[in-house]
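Student: Before we discuss the terms one by one, may I see the model and hear how its vocabulary is defined?

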Amino acid sequence: MSESYTLPLPQSGLPITHGRIADFADDPLVCMRRLWARHGEVCALQEGNQRIFFVFGPEYNRQVLSDASRFHSRFFAAYGPRKSAQRRVTSGLLSMNGEEHRRHRRMVQGPLQKKAIVAYHENVAAVSEDAFSQWQIGETRDVAADMTNYMLRLTCAILFGLDHPELAYKVGELTERWVGLNHEVGAGAFTGSVQASAAYDELLDSAKELEVAVKELLAVRRDSGLGTDILSLLIRAHDEEGGISDEHLIGHITLLFGAAHLTSAHTLSWTLFLLAQHPEVMQELHDELNTVLGGRTPKPEDLDRFEVLERVIKESMRVLPASAYVQRIAAEPLELGPFQLQQGSVVVFSQFMSHHLPEQFEQPERFHPDRWKTISPSPYAYLPFGAGPRMCIGAALGMMQLKISLPMLLQRFKLNVVAGAEINARAMSTMLYPTSAMPMRVQAHDGEFTNTPVTGSIHTLVDLPPACQPQRDLQRRVA
Ligand code: HEM
């Protein structure tokens, strides 16, 4: 990180830090924490004559997120050349604004509304039963990889009506590589002026491969006959006279698949990790699952009866939000706090930063689900699914999947993080990823829950109990 973060305020008196914009791409959370510590809730990072603006608190979140006509959305990904696969795979809802966005959002939203998603309940339970019944007591599993594969399969089944794990894993792998390359091209994607570079060429190639796999999904869906799933709905909308274009069909499918499986997989991994490291919370949840379910599969009416689980999920998404920051673009010249923004200026808001503000959440770095018994933050202070007219369209489905999957797994097994494991986290292309394996021992329930020492960058994001702190002798043994 550049030394310039410690320079005094510039002469203008404006809350600006002069530094490298690439520093933001290198480590978004470190960069934003420094900016907030120095300037507070609104500020800018400036390199040469280029600025990125940041807002961190509920008041500025509201200003930016509630006004979708002046603060436009732009996909985190780099724009590709016209008629390129990169342009097509990024043409989903996140790249749309105004009337076009409203029209497409209405179309995609229908099958994701609260009353519609009850129909997916049985399917979620069936996929989770099948996936978790393959785990064996006594084995050690990389839970982060498992949750990604599980969510790939589940997303393919729920959104696309296809139980086709191999194809789902293939699209998933290509998506992950493509997301990583977008982040590598990083600063260019932020400014919209991507330089010709090896990474950019690789990105364009990876978009082509991703598009081929998405087309394979489309072909399989057509071959098996259209159903009531979202993919069938989009294909019908595409095939009808004056319907959605080829480009938008590819864009919607790619975005829906990526947005649904990555965020949910990371939320599941972080929640399992936090539960394993907080035995008293895990015990309370275990007791609730015994009382409400007694070992059976959750029914739709059970989901509203989970009080501890509800608090656990909310708190996990507060401390380690799968969507850590998002960007907007000023659609016209406008005022933001002390700044006059030019049209096209980039504004970043951050769920991670908002959820860690000490004036909003007492001891913000602690995982403390019971805080939800007494707090009720505004939708702009706590926003794991975003807020305003562009809030996540999959929020209800995402919550339903979490409330079925976690009980299905946790009733079956006790999970312990392997002592001395290195657990690393990194914000990349807006999401908070577990970037190393998350090894856990799969055990039978014995009525006892204990936590373990771990190393890694996770300690910079959340205050874990003393028993989870790194222990030197253990580190040596693991090395
Ligand atoms: C735990 C799971 C999830 C999290 C944390 C999450 C988070 C978010 C966030 C923060 C946004 C707002 C981005 C912005 O303000 O620009 C968003 C948008 C979106 N999400 Fe999700 N999401 C989740 C699950 C899902 C699922 C299951 C789907 C699909 C079924 C989905 C599809 C979308 C789409 C299409 C958008 C774009 C909406 C628009 O621009 O109008 N998400 N998500």
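Tutor: In the classes used here, Ala, Val, Leu, Ile, Met, Phe, Trp, Tyr, Cys and Pro count as nonpolar, Asp, Glu, Lys and Arg as charged, and the others, Gly among them, as polar. By these classes the shell around the ligand has 16 nonpolar, 8 polar and 3 charged residues. The model is predicted, so local features need pLDDT of at least 70 and side-chain atom pairs pLDDT 80 or more, whereas totals for chains, interfaces and linings use all residues. Residues are numbered from 1 along each chain as its sequence is written, and side-chain values use heavy atoms, with hydrogens and water left out.

Student: What makes a residue part of the surroundings of the ligand, and which come nearest?

Tutor: A residue is near the ligand if one of its heavy atoms lies within 4 Å of it. There are 27 residues around the ligand, and His101, Arg105, Arg328, Arg390 and Cys392 come nearest.

Student: How do you know that Arg105 makes a polar contact with the ligand?

Tutor: A polar contact is a pair of N or O atoms within 3.5 Å; within protein, one must be able to donate a hydrogen and the other to accept it, and residues adjacent in sequence count only if both atoms are side-chain atoms. A polar side-chain atom of Arg105 lies 2.7 Å from an oxygen atom of the ligand, so the pair meets the cut-off. The side chain of Arg328 also qualifies, with an N or O atom 2.8 Å from a ligand oxygen, as does that of Arg390, at 3.0 Å.

Student: Why is Cys392 called a donor to the iron atom?

Tutor: Donors are N, O and S atoms within 2.8 Å of the metal (3.2 Å for Na, K and Ca); water is not among the atoms, so sites may look incomplete. The SG atom of Cys392 is 2.3 Å from the iron and is therefore a donor, the single one from the protein. Cys392 sits in the loop between helix H16 (351-355) and helix H17 (395-412).

Student: Which elements each supply at least two residues of the shell?

Tutor: They are helix H5 (98-109), helix H13 (246-277) and strand E6 (326-330), where helices (H or I, at least four residues) and strands (E, at least two) are DSSP runs, numbered from the N terminus. The largest share, 7 residues, comes from H13.

Student: What makes E2 and E3 paired strands?

Tutor: Two strands pair if DSSP finds at least two bridges between them. Strand E2 (42-47) and strand E3 (50-55) have 6 bridges in the antiparallel sense, so they pair. Val42 stands opposite Val55 in E3. The hairpin of E2 and E3 has 2 residues between the strands, and Gly48 takes a positive phi near 60° there. E3 and E9, by contrast, run parallel over 4 bridges, with Phe54 opposite Val348 in E9.

Student: Why are E1 and E4 described as standing at the edges?

Tutor: The 6 strands of this open sheet follow the order E1-E2-E3-E9-E6-E4, with mixed pairing. Strand E1 (16-18) and strand E4 (71-73) each have a single partner strand, so one side of each is left without a neighbour in the sheet. From one strand to the next the twist averages 30°.

Student: How do you know which strands form the other open sheet, the one with 3 strands?

Tutor: Its order is E5-E13-E10, with antiparallel pairing. Strand E5 (140-142) is joined to strand E13 (439-443) by 3 bridges, and E10 to E13 by 4 bridges, so both pairs satisfy the requirement of at least two. Asp142 stands opposite Pro439 in E13, while the bridge partner of Leu415 in E13 is Val442.

Conventions
Axes are lines fitted to C-alpha atoms, for helices over the stretch in contact, and angles run from 0 to 180 degrees between N-to-C directions.
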